[in-house]
Amino acid sequence: MEELIRADNLTKEFPVQKSFVDLLLAGYKRQVVHAVDNISFNIMKGEVLGLAGESGSGKSTTGRLLLRLIEPTSGTILYKGRDITSFSTREMERLRERIQIVFQDPNSSLNPRMSVGAAIAHPLQIHKIGNSREQKGMVLSLMEKVGLTPADFLYKKYPHQISGGQSQRVVLARALITNPEFIVADEPIAMADVSVRALILELMKKLKSEFNLTYLFITHDLATAKYLCDRIAVMYLGRIVEMGSRDELFLHPHHPYTKALLEAVPIPDPRQRRREEVVRGEIPSAIEPPPGCHFHPRCSHAISKCKSHRPPLREITPRHLSACILDG
Ligand SMILES: Nc1ncnc2c1ncn2[C@@H]1O[C@H](COP(=O)(O)OP(=O)(O)OP(=O)(O)O)[C@@H](O)[C@H]1O
Ligand SMILES: [Mg+2]
């Protein structure tokens, strides 16, 4: 299998905006949010890599970095072996046809004054693909494929005139219209009704094989990742703590954080109750994350070495990596 994307030692720090008083009190100390902290991974062509973890773990930041919607503080991103962090604006423009993002909230990512047809056609106009008649034909045919039917009827509708599930399909169609090969799906079903979620996931699976797509699928919910992903990376406070095939991760989870997340996956049988609090305590601040292993204050297995040593992400069985010093 061919490697499509590779991130090497990717890091993103956001400066913390402070008031004048805060600056005085903090003694002008420059503070940063460690949103993504030196992570490396790759995605093979045709693969679905899941990125899972609690809120604030750096999943969206990672997705945005891969598409260069934000610039990394350090590290490289290779797309088909070429370092896109050094691409010119022109080269990036051309690449944007091939790499797209789908956000979680269709309502805020759709312009209320743009009809469904115009919204889906918009990227074609940006990238100057086809004339208006050709564009309309492409949009109508794609609308059929994503289940926006009758396409002729829905083409003229505005976002407030269609359902939440249909809006999410519009967002997907808009991402697919330029025939991309890589899609970052950032919690694409998080805002959808429960009844719609399964349909959208199924649709994403169908579109993936039909359009030969590769996905980075971002989710805080491992149950969803299980359905769609070939491989899953678990993030905690900006770092990847475990990564492996879906089956390996679900059958043989290694990292205490992954184990805790798996215990939080709802059990379909209502007679079986799950433990109330799965991971102890709140996720700490990404401004001053705990030293050593970020997870140690919440980990029931922590030993004193965990407070001072950053555990490396290392292979424990072929292609299954974990970052816990207790693995060794
Ligand atoms: N533009 C920004 N400026 C400052 N801090 C930011 C910015 N974007 C993200 N952050 C911070 O970076 C960290 C990671 O955020 P990110 O949005 O990547 O997390 P996430 O895993 O996607 O969370 P969620 O599940 O809530 O979407 C958080 O602490 C967040 O507050
Ligand atoms: Mg996010």
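This tour moves through two sheets, one ligand shell, three helix pairs and two backbone details. The model is predicted.

**Stop 1: the four-stranded sheet**

Begin with strands S2, S1, S4 and S5. In that order they form an open sheet with antiparallel pairing. Now colour the two ends of the order. S2 (32-44) and S5 (82-83) are the edge strands; each has a single partner strand, so one side of each is left without a neighbour in the sheet.

Next, select S1, residues 3-15, together with S2. The two run antiparallel and are joined by nine bridges. For one pairing to zoom in on, take Glu3: its bridge partner in S2 is Met44.

Stay on S1 and pick Asn9, which lies in this strand. Check its backbone. Phi is near 50°, a positive value in a residue other than glycine. Most residues other than glycine have a negative phi.

**Stop 2: ligand 1**

Select ligand 1 and show its surroundings. The shell holds 13 residues, and Phe14, Ala35, Ser55, Ser60 and Thr61 are the closest.

Which elements each supply at least two residues of this shell? Strand S2 and helix H2 (59-66) do. H2 gives the most, with three residues. Colour the shell by class: eight residues are polar, four are nonpolar and one is charged.

**Stop 3: the eight-stranded sheet**

Move to the other sheet. Select the strands in the order S6-S7-S8-S3-S9-S10-S12-S11. They make an open sheet with mixed pairing. S6 (99-102) and S11 (314-317) stand at the edges with a single partner strand each, so one side of each is left without a neighbour in the sheet. Turn the view to follow the twist, which averages 25° from one strand to the next.

Then go to the S11 edge. S11 pairs with S12, residues 320-322, through three bridges, and the two run antiparallel. Label Arg314; opposite it in S12 stands Ser322.

**Stop 4: H5 against H6**

Now the helices. Two packed helices are described by the angle between their axes and the distance between the axes. Select H5, residues 116-126, and H6, residues 132-145. Their axes come within 9 Å and cross at roughly 120°. That angle makes H5 oblique to H6. The crossing is right-handed.

Show side chains at the contact. From H5, pick Gly117, Ile120, Ala121 and Leu124. They meet Gln135, Lys136, Met138, Val139, Leu142 and Met143 of H6. By class, this contact has seven nonpolar residues, two polar and one charged.

**Stop 5: the cis proline**

Follow the chain out of H6. Pro150 sits in the loop between H6 and helix H7 (151-155). Look at the peptide bond that leads into it from Thr149: this bond is cis, with omega near -5°. Most peptide bonds are trans.

**Stop 6: H5 against H8**

Keep H5 on screen and add H8, residues 164-176. How closely do the axes of H5 and H8 approach, and at what angle do they cross? They come within 7 Å and cross at roughly 30°. Angles under 35 degrees count as roughly parallel, and H5 is therefore roughly parallel to H8. H5 passes H8 in a right-handed crossing.

Pick out the contact residues. H5 contributes Val116, Ala119, Ile120, His122 and Pro123, while H8 contributes Val170, Ala173 and Arg174. Six of these residues are nonpolar, one is polar and one is charged. Ile120 deserves a label, since it appears in the contact with H8 and also in the contact with H6.

**Stop 7: H8 against H9**

Hide H5, keep H8 and add H9, residues 194-211. These axes come within 10 Å and cross at roughly 20°. H8 and H9 are therefore roughly parallel to each other. Their crossing is right-handed.

For the contact, select Gly164, Gly165, Gln168 and Leu176 in H8. Then add Val196, Leu199, Ile200, Leu207 and Phe211 in H9. The classes here are six nonpolar and three polar, with no charged residues.

Notes:
Residues are numbered from 1 along each chain as its sequence is written. Chains are lettered from A and ligands numbered from 1 in the order in which they are written. This is a predicted model: local features need pLDDT of at least 70, side-chain atom pairs count only at pLDDT 80 or more; totals for chains, interfaces and linings use all residues. Two strands pair if DSSP finds at least two bridges between them. A residue is near a molecule or strand if its C-beta atom, placed from the backbone, lies within 6 Å of it. Ala, Val, Leu, Ile, Met, Phe, Trp, Tyr, Cys and Pro count as nonpolar, Asp, Glu, Lys and Arg as charged, and the others, Gly among them, as polar. Axes are lines fitted to C-alpha atoms, for helices over the stretch in contact, and angles run from 0 to 180 degrees between N-to-C directions. Angles under 35 degrees count as roughly parallel, over 145 as roughly antiparallel, 65 to 115 as roughly perpendicular and the rest as oblique. A crossing is left-handed if the near helix is turned anticlockwise from the far one by less than a right angle, and right-handed if clockwise. Two residues are in contact if their C-beta atoms, placed from the backbone, lie within 7 Å.
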